[in-house]
Amino acid sequence: MGAKRPGSVCVFCGSSEAADPAFLEAAARLGDELAAARLELVYGGGGVGLMGQVARATHAAGGKVLGIIPDFLVGKERALESVEHVVVGSMHERKMMMFERADSFVVLPGGVGTLEEIVELLSWRRLDLHKKPVVFYSPRGFWEPLFALFQHTVDEQLTPPAFMGAWTTVERIEDVVPALLAEGASEDDLDEARVVRMS
């Protein structure tokens, strides 16, 4: 039985137009690579910041895109009308639909909104509510302070050490898709091994 290849990826990232231009460029490059790998992009629906860059690039390269945006952000985040999108009533509904429609996750640089999304995602992983692959793109060590905080909670015996293996981190945008596919394969292999041991 072969490894299960992810078919869709939810990208969490910043919506600020003031972000480092290198971050914006990397988001667009990721969009190209998602389309080339035939991975459907599920994202927050906006047309601004890294969010807009990854969606436009995926769409322009012929990839499938689904945007999910709450009604009160349609104007503020300039919902991208050129791609398929769903307008929902709340942030909670947005996050749940994004989670349900994606079978893997990529985290690009972002602000407090991105933090809120990924902490919930990793908390669910900690509780064994999902085993979906999670890959962080951490240029210039962007996410290292967050990882250090997670490690601090492990050191204080508030989080189990195994939690630190709940994600993969890469520093180059071209490594994101290979890491995502590799993590998806390894998770499937682990699941198969568990079935063998239990049978």
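Q: Which residues of α4 do K95, M96 and F99 in α3 meet?
A: This is a predicted model, in which local features need pLDDT of at least 70, side-chain atom pairs count only at pLDDT 80 or more, and totals for chains, interfaces and linings use all residues. Residues are numbered from 1 along each chain as its sequence is written, and side-chain values use heavy atoms, without hydrogens and water. Helices (H or I, at least four residues) and strands (E, at least two) are DSSP runs numbered from the N terminus, and contact means heavy atoms within 4.5 Å. On the α4 side, the residues met by K95, M96 and F99 are E116, E117, E120, L121 and W124.

Q: How many residues in the contact of α3 with α4 are charged?
A: Ala, Val, Leu, Ile, Met, Phe, Trp, Tyr, Cys and Pro count as nonpolar, Asp, Glu, Lys and Arg as charged, and the others, Gly among them, as polar. The contact of α3 with α4 has four nonpolar residues and no polar ones. The number of charged residues is four.

Q: Which residue in α3 forms a salt bridge with E116?
A: A salt bridge is a side-chain nitrogen of Lys or Arg within 4 Å of a carboxyl oxygen of Asp or Glu, and the whole structure has seven. In the one made by E116, the N to O distance is 2.4 Å. E116 lies in α4 and its partner in α3, so the pair ties together parts that are 21 residues apart in sequence. The partner is K95.

Q: How are α3 and α4 oriented to each other?
A: Helix α3 (residues 91-101) and helix α4 (residues 112-126) pack with their axes 12 Å apart, at an angle of about 55°. Axes are lines fitted to C-alpha atoms, for helices over the stretch in contact, and angles run from 0 to 180 degrees between N-to-C directions. Angles under 35 degrees count as roughly parallel, over 145 as roughly antiparallel, 65 to 115 as roughly perpendicular and the rest as oblique. The two helices, α3 and α4, are therefore oblique.

Q: How are α1 and α2 oriented to each other?
A: The axes of α1 and helix α2 (residues 49-60) come within 7 Å and cross at roughly 30°. That angle makes the two helices roughly parallel.

Q: What is the order of the seven strands in the open sheet?
A: Two strands pair if DSSP finds at least two bridges between them, and the pairing in this sheet is parallel. The edge strands, β4 (84-88) and β7 (168-170), each pair on one side only. The order is β4-β3-β2-β1-β5-β6-β7.

Q: Which residue in β2 is the bridge partner of S8?
A: Strands β1 (residues 8-12) and β2 (residues 40-43) pair in the parallel sense over three bridges. The bridge partner of S8 is E40.
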